[in-house]
Amino acid sequence: GVPWRATGEAEAIPEDDLSADLGALYSDARAFGLRAAYRRRYAMGDDSGATFAILVCDMVEPEQAFGLWHARRPEGTAELNVGQDGWVASPATRAASWDGRYYTELRSSSESAELPAAAAGMIASMQLHYGKPLDAEDMLPPQGRVPQSFRYIHRSAFGIESLDRVFAIDLVGGVTAWVAEAESASGAAQIIELINAEAAAQEPAEGGYGESEATPVEDSTDGPLTVLPTSGGVMAVFAAGPRVYGAYGSDRTGVVATAMSTYAMQAPAEVGVVIGVMSAGESGADDNPFPKPGAEGWHAPREVSHFTPDNLYAKINGRAAAYLQFSVAGMAFGTYYHQSDGDRTIDVYWYDMGEPTKAFGIYRFEEAHDANPVAIGTDGYEVGGAVFFWKSESYVQVLPSGASETDAAVAMGIAERIAEQISDTGQDLWAMSTLPAARRIENSFAYVARDAFGQDFLNDVFTFDYDVDGDRVTLFIHRAEDESASQSLFEEYQRFFERYGRVVWRDADASRRIVAGDVSGIVDVVFAKGRYLGGVAGSEDAEVAKHAATAFFDELASP
């Protein structure tokens, strides 16, 4: 392909410049909840003077990144196998993908200069790989789907202002099936009430329905289906557990039939879901993990909800995908409340991550950049009055509803009490002592549970960033079952270099299994030593990477 190189550093686009720098992307991204945007510019190496830019939008949640990706997709695009989903326009002067909470768009400066395909793959390889948000596509009717119509609507779906965070898919016959997530079954019922009230205030569509159909009708024969006219057509909705399902279109018969089909597919199972709510009060019963708050006027959770990996999405929406990446075992949720002020609450999310490495991994993955360290658990921080910490297999979030210093102090006390009752089982972060101690960059130690550096064969990896004569270098280490397993991973990495890039260096000593590969200008240096697989990942300077990796190899003692 055409060679290319970076012409500057990656930069955060200032908020005041977003509209001018992003152009049409800005209004689309804002509609889906844009938090921040980043850019880096590149030049083609073919003397044409052509350039291209990579724009990365932080969309807060995976479903919002997915929604923006779909909304920005022009007609007639081809599939691009990067990230969760990708597309490339024809001619290939614009491409985009989404993964995790990030939307990435590549733009060529010239209509005649096509983008290097490897650039999209390079960016995608550095983003944490999530599953599709909510698995919502599997909750909607499978028959008669219009290709490429599955999408996410962040606000005011189908013209209904109260209907937000909707996944929808078009079906043959002009009907759209959709699902929206609520916090609880009562929340789902409230959404239907709001839809009902808003639709009743609208003018029915022209040539619409007789007087008998101008009022919402309950269909008691086939289930709790509410059918109501809207200004754009007709809608049929029902609640099932913590979700609202619906169908929308201009043909009442088709809409009702689609909603009934969805109800038959989902509702019997959903209505029967029991998340595990139990009375807790302040009795200190064994089934209530939450301690008393230790603050006057505050009470412990009256109810404790327990979630499994299968239904965690019902509570934390699209964020569940990240926790599943780290093999979450379960979560307990409870709300502390103030006796005299119902608006003052403190929510606690207590995750059982199964093992300390997973608790540490999700803690570091979610850690805020502006966090203030606090001495709680093994490691903790506070931001805006909310407290986060991990200890043993637990990762805990203590979130006050308000921003007052008083409530922040209560939240801190609750966090301390929870940490005290978690047994210290030992942290087993073996890589902390295995990775080199010199030149570490503070607060850069991290754990990647799956698909490290975009490699689906590489899991359970620890990383630390280092300052090597002014260059930032990421060292990584994986401890395999035995030397044979380490060697197999090493060979798999070599095959990746050969398939998607090229091998640029091998250690001259055949007994030292060290190899460097360049994929689209990004260099990894990988070695196998005993049961360890390690090296340098994501460097732009091959010589710096080789020096750092070989020094690490020499320092590492074989297990």
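Let me start with one pair of residues: in strand β15, the bridge partner of A180 is V244. What you are looking at is a predicted model, and I will come back to how far it can be read.

A180 sits in strand β11, and β11 joins β15, residues 243-249, through seven bridges, with the two strands running antiparallel. On β10, residues 166-171, there are six bridges to β11, again antiparallel. There A180 stands opposite V166. β10 and β11 make a hairpin with three residues between them. One of the turn residues, G173, has a positive phi of about 105 degrees.

Is β11 enclosed or open to the outside? Seven of the seven residues in β11, 175-181, are buried, so the strand is largely enclosed by the rest of the structure. That holds on both faces: V175, A177, V179 and E181 are buried on one side, and T176, W178 and A180 are buried on the other. Note that E181 and T176 are in those lists.

A contrast comes from helix α5, residues 185-200, where we find A197. A197 is exposed, at a relative accessible area of 51%; the cut-off for that word is over 50%. Its C-alpha atom is separated by 9.8 Å from that of S162, a residue 35 places away along the chain.

Now the other sheet I want to show. Seven strands form an open sheet, in the order β25-β26-β27-β31-β30-β29-β28, and the pairing is antiparallel. Which strands stand at the edges? They are β25, residues 446-448, and β28, residues 502-506; each has a single partner strand, so one side of each is left without a neighbour in the sheet. From one strand to the next, the twist averages 25 degrees.

Within this sheet, β27 (residues 471-479) and β31 (residues 532-539) pair in the antiparallel sense over six bridges. If you want a place to look, F476 stands opposite G535 in β31.

Two helices go with this sheet. Helix α12, residues 483-500, packs on it and touches β27, β28, β29, β30 and β31. The direction of α12 makes about 30 degrees with that of β29. Helix α13, residues 542-555, lies across β26, β27, β28, β29, β30 and β31. α13 runs at about 15 degrees to β30.

On to the nonpolar cores. The largest has 51 residues, and the members that touch the most others are L312, Y323, Y351, M353, L435, F462 and I477. Which element gives the largest share of this core? It is α13, with six residues. L312, leaving aside neighbours within four places in sequence, is in contact with F307, A320, Y323, V328, M331 and Y351. A second, separate core has 44 residues, including A136, F150, L171 and V256.

Two polar residues next. Q397 lies in strand β24, residues 394-400. Q397 is buried, because its relative accessible area is 3% and the cut-off is under 20%. The side chain of Q397 makes a polar contact of 3.2 Å with that of Y395. Beyond four places in sequence, Q397 has contacts with R319, Y323, D347, V348, Y349, Y351, E366, V387 and F388. Y323 and Y351 in that list were also among the core residues with the most contacts to other members.

The second is R364, in helix α9, residues 356-366. R364 is also buried, with a relative accessible area of 17%. What does the side chain of R364 reach? It is the backbone oxygen of N443, at 2.6 Å. Not counting residues up to four places away in sequence, R364 touches N443, S444 and F445.

Last, confidence. The protein averages a pLDDT of 83, and 86% of the residues score at least 70. Over residues 205-223 the pLDDT stays under 50, and the model has 30 contacts beyond four places in sequence for that stretch. Residues 268-286 are below 50 as well, with 40 contacts in the model beyond near neighbours in sequence. Where pLDDT is low, the predicted coordinates should not be read in detail.

Notes:
Residues numbered from 1 in each chain as written. Predicted model: local features only at pLDDT ≥ 70, side-chain atom pairs only at ≥ 80, totals over all residues. Heavy atoms only, no water. Helix = DSSP H or I, 4+ residues; strand = E, 2+ residues; numbered from the N terminus. Buried < 20%, exposed > 50% of the residue type's maximum accessible area, 1.4 Å probe, protein only. Polar contact = N/O pair within 3.5 Å; in protein donor to acceptor, adjacent residues only side chain to side chain. Contact = heavy atoms within 4.5 Å. Pairing = 2+ DSSP bridges. Axes fitted to C-alpha atoms, helices over the stretch in contact; angles between N-to-C directions. Core = buried A, V, L, I, M, F, W, Y, C linked by side-chain atoms within 4.5 Å. pLDDT = per-residue confidence, 0-100.
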